[in-house]
Amino acid sequence: MAVTDWKKSVVYQIYPKSFKDTTGNGQGDINGIIEKLDYLKVLGIDYIWLTPVYRSPMNDNGYDISDYYEINPDFGTKEDFKRLLDSAHARGIKIMSDIVINHTSTYHNWFVESRKSEDNPYRDYYIWKDGQDGPPTNWESKFGGNAWQFDEATGQYYLRLFDVTQADLNWENEAVRRDIYDMINYWIDFGMDGFRFDVINLISKGSYDNSPKEGKEFYTDGPKVHDYLHEMNRATFGDKEGFMTVGEMSSTTLEHCIKYTKPERQELSSVFNFHHLKVDYQDGEKWSEMPYDFIELKKILFRWQTGIAAGGGWNAIFWCNHDQPRVVSRFGDDSSEENRVLSAKMLAITLHFLQGTPYIYQGEEIGMTNLGFEDMSQYRDVESLNAYPIMLEKGISHEEAIRILQQKSRDNSRSPVQWDASDNAGFTTGTPWIDVAHNYKTINVERALEDDRSIFYTYQKLIQLRHDLDVMTYGSIVPELIDHPQIFAYRRQYKGQEVTVLANFSKEAVKIPASMAIMGETLINNYEGVHDTLQPYQAVAILK
Ligand code: TEU
């Protein structure tokens, strides 16, 4: 049964290129998603977040859109897309589509026009500046290199915070905003139930000056971002009952996220932030080899949990997405089959009782792991391919660079979903666009469904609990044992009900501190019972 309040929804993220191929071309497609809707129905999710399927040269796997109104033929047709929506709706599943409007592909017609001449009507759709003995400023692209790209035709530079083929749109230009709102309304009329907005807090650029760092301070949560989001809300989805939106917020602050999501401000329904996923960055540097800091992980999550709640905002909660390594390899333990299963369940239980909208990334529900690619020829992601030579330039050895990529590359989460033990994990009859993980014979959906103690059924149970128990959605959150080196603990409270969650993130048994003595009904437990000790990777939730 469909949930009535969007706040009770659980979202499942699909990265279509790696989900299920039905044509044999080695890439997933829309029909592959339709084929697996019954599987998602069994899991019990409410929404699918579909990463971009629009026309694109695919330099950044669809985050470089060349036509917002067309479907990439590799994924299918508009009719397929309509059928996907109808088939999902028939099963009570809603779809939120990805909207990438900080930038377009340089193959988008707006940019093709814009680059022609300084007086082209589309010139101001993008951000063009003169150089000064080189690029206009020292800002860095998030994918490496200077963020300004020189263009021969007019001798000016355009801004691109991501790939050279992803040019930043000029939101100062009212015509750009109007065209974007029209496009959003087109997809609303098409039948969409929600949107995920890509790097939406970068759309308002402040001044264009040199920066002591990489330039973030000039465009992160920029001066007009709230005005633009409010304007967009009013011009598009704002009055649609139950419509769910989530903004991806790069390097944002708590204060801004409260503003983005406070209902009376009419901007967005919820936000992703990534601070808790930087706890394995050495001094803020992603391309480093470092074990994660557990206490820091808790502190950051709790700060956002309590802060967003106090401010009247709404969080999206997640361990993984298509830009992150696999969580069981990152905060869990994939060194043995037993530990993989236990720790994947522990991570699921820890996350799903938190406050906010939970997201599950494809394959997480069966505990898919990092890939361990040893050869550069196996990597596909533009960010990883750019990062490798930059690491070597910095003096990092080839061996170390590979180890870092094995830990951090976005490709870790982009390998094909492991459906069964047949060739290519049942993903394709052709040659997959990226290698399938070597462990697909043990880790796959078919096996998970056959085993009632699998990770899959832990996720299914957690989703069911969220639908049934109001305290999981509306309860306040009380962090516990913040400085404990092994246990992640908190309570949720609502209308006289209290849920206590205790999770042991270590591979040793740990005594439960007296302050946390628990009594009540066990809602979920990845072991048989619980007494005064948590077993390795044990997680429990108790209702009182
Ligand atoms: O990601 C934006 C973003 O800042 C990241 O999470 C990024 O992948 C990370 O900083 C790299 O270290 C979004 C999309 O999710 C991502 O897939 C796109 O590549 C990016 O925007 C550009 O559209």
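**Exercise 1.** How many helices and strands are there in the chain?

*Solution.* The chain contains 16 helices and 22 strands. The model is a predicted one.

**Exercise 2.** Decide why the radius of gyration of the chain agrees with that of a compact globule.

*Solution.* Start from the length, which is 544 residues. A compact globule with that many residues would have a radius of gyration near 24 Å. The chain has 23 Å, and therefore the two values agree. For the outer dimensions, take the principal axes: the C-alpha atoms fill a box of roughly 75 × 50 × 50 Å.

**Exercise 3.** State what percentage of the residues is buried, and what percentage of the contacts with a separation of 6 or more joins residues 24 or more positions apart.

*Solution.* Of the 544 residues, 49% are buried. Among contacts with a separation of 6 or more, 65% are between residues 24 or more positions apart.

**Exercise 4.** Describe how helices H8 and H9 are placed relative to each other.

*Solution.* Two packed helices are described by the angle between their axes and the distance between those axes.

1. Locate the helices: H8 covers residues 254-261 and H9 covers residues 294-311.
2. Take the distance: the two axes come within 9 Å.
3. Take the angle: the axes cross at roughly 45°. Angles under 35 degrees would count as roughly parallel, and 65 to 115 as roughly perpendicular. H8 and H9 are therefore oblique to each other.
4. Add the handedness: the crossing of H8 and H9 is right-handed.

**Exercise 5.** Which residues of H8 and H9 meet, and of what class are they?

*Solution.* From H8 come Leu254, Cys257 and Ile258. They meet Trp304, Gly307, Ile308 and Gly311 of H9. Sorted by class, this contact has five nonpolar residues, two polar ones and no charged ones.

Technical notes
Residues numbered from 1 in each chain as written. Predicted model: local features only at pLDDT ≥ 70, side-chain atom pairs only at ≥ 80, totals over all residues. Axes fitted to C-alpha atoms, helices over the stretch in contact; angles between N-to-C directions. Helix = DSSP H or I, 4+ residues; strand = E, 2+ residues; numbered from the N terminus. Parallel < 35°, antiparallel > 145°, perpendicular 65-115°, else oblique. Left-handed = near helix turned anticlockwise from the far one by under 90°. Contact = placed C-beta atoms within 7 Å. Nonpolar A, V, L, I, M, F, W, Y, C, P; charged D, E, K, R; others polar. Rg over C-alpha atoms; globule rule 2.2 N^0.38 Å. Buried ≥ 20, exposed ≤ 12 C-beta atoms within 10 Å, placed from the backbone.
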